[in-house]
Amino acid sequence: MWLAVAAAAALLAVAVIWLYNRLIAARNQARQGYADIDVQLKRRADLVPRLVEAVRGYAAYEKALLTTVTELRGHALAAAGGEKRFALERELGSQLRRLVLLQEAYPQLKADANFRDLAGKLVEVEDHLQYARSFYNGAVKQYVTRLESFPDIIVARLFGFRPLPFYETDDREPVGVTL
């Protein structure tokens, strides 16, 4: 009798360990996705000062936009992870698109080789960022699904697993620049 109870307890322990490890793997995959996004956001942030300087000489009247982009970059770099940082990064991306579109109002800016190079790099970073967001959101979806599915939900609640935020964005396409 006690042997059957011990076997059932051992089987339950193995199941809990398996479910726990599966939740850890899903959470770590989502964290890796976040780290990939972070790399691309840092690459984009590194381009901002150079892009602002390239535009500054041609678009003196756009001082407010240049100031906004610079301030948003600083706030985004200083923000902790999660939804607050995602919101700041979305706003920075929107302002960067406006900055790149200044080339339409300033044809001499469009002819500047440095600006064209920086705008091209920004498009490349935005493409990589789009792929990183897609991977991250897929990993978060899988993780959250496991958190809400039976029997994972029991282990998740027992060990205090929490859902991660999705990286939602207003834009649905990468930045397009015509040079």
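Colleague: Which word describes L158, buried or exposed?

Modeller: This is a predicted model, in which local features need pLDDT of at least 70 and side-chain atom pairs count only at pLDDT 80 or more, whereas totals for chains, interfaces and linings use all residues. Residues are numbered from 1 along each chain as its sequence is written, and side-chain values use heavy atoms, with hydrogens and water left out. Buried means under 20% relative accessible area, exposed means over 50%, and partly exposed lies in between (1.4 Å probe, protein chains only). Because the relative accessibility of L158 is 61%, this residue counts as exposed.

Colleague: In which helix is L158 found?

Modeller: Helices are DSSP runs of H or I with at least four residues, strands are runs of E with at least two, and both are numbered from the N terminus. L158 falls within residues 152–159, which form helix α6.

Colleague: How many Å separate L158 and E104 in space, C-alpha to C-alpha?

Modeller: Along the sequence, L158 and E104 are 54 residues apart. In space, their C-alpha atoms are separated by 57 Å.

Colleague: Which peptide bond is cis?

Modeller: Most residues other than glycine have a negative phi, and most peptide bonds are trans. In this model, P151 lies in the loop between α5 and α6. With omega at about 5°, a cis peptide bond joins F150 and P151.

Colleague: Why are α5 and α6 described as roughly perpendicular?

Modeller: Axes are lines fitted to C-alpha atoms, for helices over the stretch in contact, and the angle between N-to-C directions runs from 0 to 180 degrees. Angles under 35 degrees count as roughly parallel, over 145 as roughly antiparallel, 65 to 115 as roughly perpendicular, and the rest as oblique. Helix α5 (residues 113–148) packs against α6 with the axes 6 Å apart and at an angle of about 95°. The two helices are therefore roughly perpendicular.

Colleague: Which residues of α5 and α6 make this contact?

Modeller: Contact means heavy atoms within 4.5 Å. Ala, Val, Leu, Ile, Met, Phe, Trp, Tyr, Cys and Pro count as nonpolar, Asp, Glu, Lys and Arg as charged, and the others, Gly among them, as polar. By class, three nonpolar, no polar and three charged residues take part. From α6 come D152, I153 and A156, and from α5 come R146, L147 and E148.

Colleague: What span does helix α3 reach from its first C-alpha to its last?

Modeller: The expected span of a helix is 1.5 Å times one less than its number of residues. Helix α3 (residues 83–101) has 19 residues, and its span is close to the expected 27 Å, reaching 27 Å.

Colleague: Is R85 of α3 buried or exposed?

Modeller: R85 is in contact with Y34, D38, L41, A76, A79 and A80, leaving aside neighbours within four places in sequence. What covers the buried residues of α3 includes α1, α2 (63–78) and α5. Because its relative accessible area is 7%, R85 is buried.

Colleague: Which element gives the most residues to the largest nonpolar core?

Modeller: A nonpolar core is a set of buried Ala, Val, Leu, Ile, Met, Phe, Trp, Tyr and Cys residues joined through side-chain atoms within 4.5 Å. The largest has 25 residues, and L96, L99 and F115 are among those with the most contacts inside it. Two or more residues come from each of α1, α2, α3 and α5. The greatest contribution, six residues, is that of α1.

Colleague: How many residues does the second, separate core have?

Modeller: This second core includes I37, F86, L129 and V140. Its number of residues is eleven.

Colleague: Which residues does Q40 touch, not counting those up to four places away in sequence?

Modeller: Q40 lies in helix α1 (residues 2–56). Because its relative accessibility is 11%, Q40 counts as buried. Its contacts are V125, H128, L129 and A132.

Colleague: With which residues is A54 in contact, leaving aside neighbours within four places in sequence?

Modeller: A54 is also placed in α1, and it is buried because its relative accessible area is 8%. Its C-alpha is 8.6 Å from that of L118, although the two are 64 residues apart in sequence. The contacts of A54 are L109, N114, F115 and L118.
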